[in-house]
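Dear colleague,

Please find below the structure I promised to pass on to you. I would be grateful if you could keep it open while reading the notes that come after it.

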Amino acid sequence: MNQPILPGSAPSGDNDQADGVDPQSVSRRDFMVAAGTVAGAVAVGVPAMSVAATDPDMARAPRVQRVGLTVNGVRRDLSIDARQSLLDVLRENLQLTGTKKGCNQGACGACTVLVNGRRIVSCLALAALYDGADVQTIEGLASGDTLHPLQAAFIDHEGFQCGFCTSGQIMSGVACIIEGHARSPREVQYWMSGNICRCGAYRGITAAIAEVGAKGAAS
Ligand code: FES
Ligand code: FES
């Protein structure tokens, strides 16, 4: 019966009889399988022996984590699955569905929110790592019934068609202006290149951001 492979017992070179390895008990194939398991465990920070003993059902079970976020000025203390993205916490735990899930892999910008004043794609942000952060979403942009200047500019310039990308475009646009990257349409195009609009409403999007950027009215 095979013995468990422990760190430090790896064979060297092509010699299966290297120190600490009994060739009768550990084949080269067994070693490669075990080494792969250990490497994967180390990569995700899990002790190797616990991976070997992991029950598949336990692996799927949520690991509850406490996290505190200030979202649109309101403190929220949450119990989340430690594997949740910030996007999923916003949409599923807080029902703030204005932030959209497009690609869910950092490629489209639909999920853009501001965290501590900087724009990020929330689908790639592990919520557990943002304990104590200040998060602003599209729902927190207007002041009561008064739209943020960039929201109003998107309407004036018809910077949308279906609207799916719009919250991400506006949040990214707000950051773009704050960063000082909205001084011309060309500059806006460059610094907004991470936000995709499948409807191709780029002309209006660019005009809206450049107009508000020229006025310096992002916040
Ligand atoms: Fe996050 Fe596309 S949903 S970048
Ligand atoms: Fe439809 Fe941008 S308005 S994807």
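The notes below begin with the overall make-up of the protein and then turn to one helix, its partners and two loop residues.

Please bear in mind throughout that this is a predicted model.

Overall make-up

The protein contains eight helices and five strands. Read from the N terminus, the order of these elements is α-α-α-β-β-α-β-β-β-α-α-α-α. The protein has 219 residues, of which 31% count as buried. Among contacts with a separation of 6 or more, 53% are between residues 24 or more positions apart.

Helix α6

Most of my notes concern helix α6, which covers residues 166-178. This helix has 13 residues, and the distance from its first C-alpha to its last is 18 Å, close to the 18 Å expected at 1.5 Å a residue. How many of the residues of α6 are buried? Twelve of the 13 are, and the helix is thus mostly covered. The buried residues are Thr 166, Ser 167, Gly 168, Gln 169, Ile 170, Met 171, Ser 172, Gly 173, Val 174, Ala 175, Cys 176 and Ile 177. They pack against two strands, β3 (112-115) and β4 (118-121), and against the helices α5, α7 (185-191) and α8 (202-215). After α6 comes Gly 180, which has a positive phi, near 80°.

The contact with α5

Two packed helices are described by the angle between their axes and the distance between the axes. For α5 (residues 149-156) and α6, the angle is about 125° and the axes are 10 Å apart. Angles from 65 to 115 degrees count as roughly perpendicular and those over 145 as roughly antiparallel; α5 and α6 are therefore oblique to each other. Their crossing is right-handed. On the α5 side, the contact is made by Leu 150, Gln 151 and Phe 154, and on the α6 side by Thr 166, Ile 170, Gly 173 and Val 174. Sorted by class, this contact has four nonpolar and three polar residues, and no charged ones.

The contact with α8

The axes of α6 and α8 come within 10 Å and cross at roughly 35°. The crossing of α6 and α8 is right-handed. Which residues meet in this pairing of α6 and α8? From α6 they are Gln 169, Gly 173, Cys 176 and Ile 177, and from α8 they are Ile 205, Ile 209, Val 212 and Gly 213. The contact of α6 with α8 divides into five nonpolar and three polar residues, again with no charged residue. Gly 173 thus appears in the contact with α5 and in the contact with α8.

Two loop residues with positive phi

Gln 95 and Asn 116 may also interest you. Gln 95 lies in the loop between α4 (86-93) and β3. Its phi is near 55°, a positive value in a residue other than glycine. Is Gln 95 buried or exposed? Gln 95 counts as exposed, because it has 9 C-beta neighbours inside 10 Å, and a residue is exposed if the number is 12 or fewer.

Asn 116 lies in the loop between β3 and β4. The phi of Asn 116 is near 50°, which is likewise positive in a residue other than glycine. Asn 116 has 12 C-beta neighbours inside 10 Å and therefore counts as exposed.

With kind regards

Definitions and conventions:
Residues are numbered from 1 along each chain as its sequence is written. Chains are lettered from A and ligands numbered from 1 in the order in which they are written. This is a predicted model: local features need pLDDT of at least 70, side-chain atom pairs count only at pLDDT 80 or more; totals for chains, interfaces and linings use all residues. Axes are lines fitted to C-alpha atoms, for helices over the stretch in contact, and angles run from 0 to 180 degrees between N-to-C directions. Helices (H or I, at least four residues) and strands (E, at least two) are DSSP runs, numbered from the N terminus. Angles under 35 degrees count as roughly parallel, over 145 as roughly antiparallel, 65 to 115 as roughly perpendicular and the rest as oblique. A crossing is left-handed if the near helix is turned anticlockwise from the far one by less than a right angle, and right-handed if clockwise. Two residues are in contact if their C-beta atoms, placed from the backbone, lie within 7 Å. Ala, Val, Leu, Ile, Met, Phe, Trp, Tyr, Cys and Pro count as nonpolar, Asp, Glu, Lys and Arg as charged, and the others, Gly among them, as polar. The expected span of a helix is 1.5 Å times one less than its number of residues. A residue is buried if 20 or more other C-beta atoms lie within 10 Å of its own, exposed if 12 or fewer, and partly exposed in between; C-beta atoms are placed from the backbone.
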